[in-house]
Amino acid sequence: MELEYKAHISPILKDGVKNYLIDIDGTITDDVPNEEPERMVTCEPYPDALETINKWYDEGHQICFFTSRTENLKQITIDWLDKHGFKYHSVLCGKPRGGNYHWIDNHLVRATRYKGKFTDMVEKQVTIEVFKD
């Protein structure tokens, strides 16, 4: 990972590089709950997700799958990603379940809700909640 380091602050990605955190269930494949791990082995990836994510990886972006699957399902998840040819840098398990996420960070966070199709990103103006100035 190419990072820029400055004295006494956390490193940041170089200009133009994005750090994609991508959900799995309901985003790159069917929505499979943790309680049905046998389906995690047989579900198929969404073709547009596989193509788009691998393109982002090839462009030099960081790909991290961030899932509500638990740690005991991590190897099943990695095996499935590898079997289907996803390119990625890491897999993080244990994302809280239930949605309505509010991510608070000292770095800029951009969130995109998946609504059925992976494509290149486009700019769009929307209303967001922020802290008071």
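Start with the cysteines: the count of disulfides here comes to zero. Keep in mind as you click around that this is a predicted model.

**Stop 1: the two cysteines**

Select Cys64 and show its sulfur. What is the distance from this sulfur to the closest cysteine sulfur, in Cys93? The gap is 9.5 Å, and a disulfide needs the pair within 2.5 Å, so the two sulfurs are too far apart for a bond. Now move to Cys93, which is in no disulfide either. Are these residues buried or exposed? Cys64 is buried, with a relative accessible area of 6%, and Cys93 is buried as well, at 14%.

**Stop 2: the sheet**

Next, select β3 (19–22), β4 (62–66) and β5 (90–92). These three strands form an open sheet in the order β3-β4-β5, with parallel pairing. The edges are β3 and β5, each of which pairs on one side only. From one strand to the next, the twist averages 25 degrees. Zoom in on the β3 and β4 pair, which is joined in the parallel sense over four bridges. To see one of the bridge partnerships, highlight Asn19 and its partner Gln62 in β4.

**Stop 3: helix α2**

Now select residues 47–58, which make up α2. This helix has twelve residues and reaches 17 Å from its first C-alpha to its last, close to the 16 Å expected at 1.5 Å a residue. Rotate the view until you see α2 lying across β3 and β4, running at about 140 degrees to β4. Which residues of α2 are buried? Show the side chains of Ala49, Thr52, Ile53, Asn54 and Trp56 to see them. The cover over the buried residues of α2 includes β3 and β4. Before leaving the helix, step on to Gly60, which follows α2 and has a positive phi, near 100 degrees.

**Stop 4: Arg69**

Finish in the loop between β4 and α3 (74–83), where you will find Arg69. Arg69 is buried, with a relative accessible area of 0%. Which side chain makes a polar contact with the side chain of Arg69? Draw a distance to Thr77: the polar contact between the two side chains is 2.9 Å. Then bring up the rest of the surroundings. Leaving aside neighbours within four places in sequence, Arg69 is in contact with Ile24, Asp25, Asn34, Met40, Thr77, Cys93 and Gly94. That list includes Cys93, a residue from the opening stop.

Conventions:
Residues are numbered from 1 along each chain as its sequence is written. This is a predicted model: local features need pLDDT of at least 70, side-chain atom pairs count only at pLDDT 80 or more; totals for chains, interfaces and linings use all residues. Side-chain values use heavy atoms; hydrogens and water are left out. Helices (H or I, at least four residues) and strands (E, at least two) are DSSP runs, numbered from the N terminus. Buried means under 20% relative accessible area, exposed over 50%, partly exposed in between (1.4 Å probe, protein chains only). A polar contact is a pair of N or O atoms within 3.5 Å; within protein, one must be able to donate a hydrogen and the other to accept it, and residues adjacent in sequence count only if both atoms are side-chain atoms. Contact means heavy atoms within 4.5 Å. The expected span of a helix is 1.5 Å times one less than its number of residues. Two strands pair if DSSP finds at least two bridges between them. Axes are lines fitted to C-alpha atoms, for helices over the stretch in contact, and angles run from 0 to 180 degrees between N-to-C directions.
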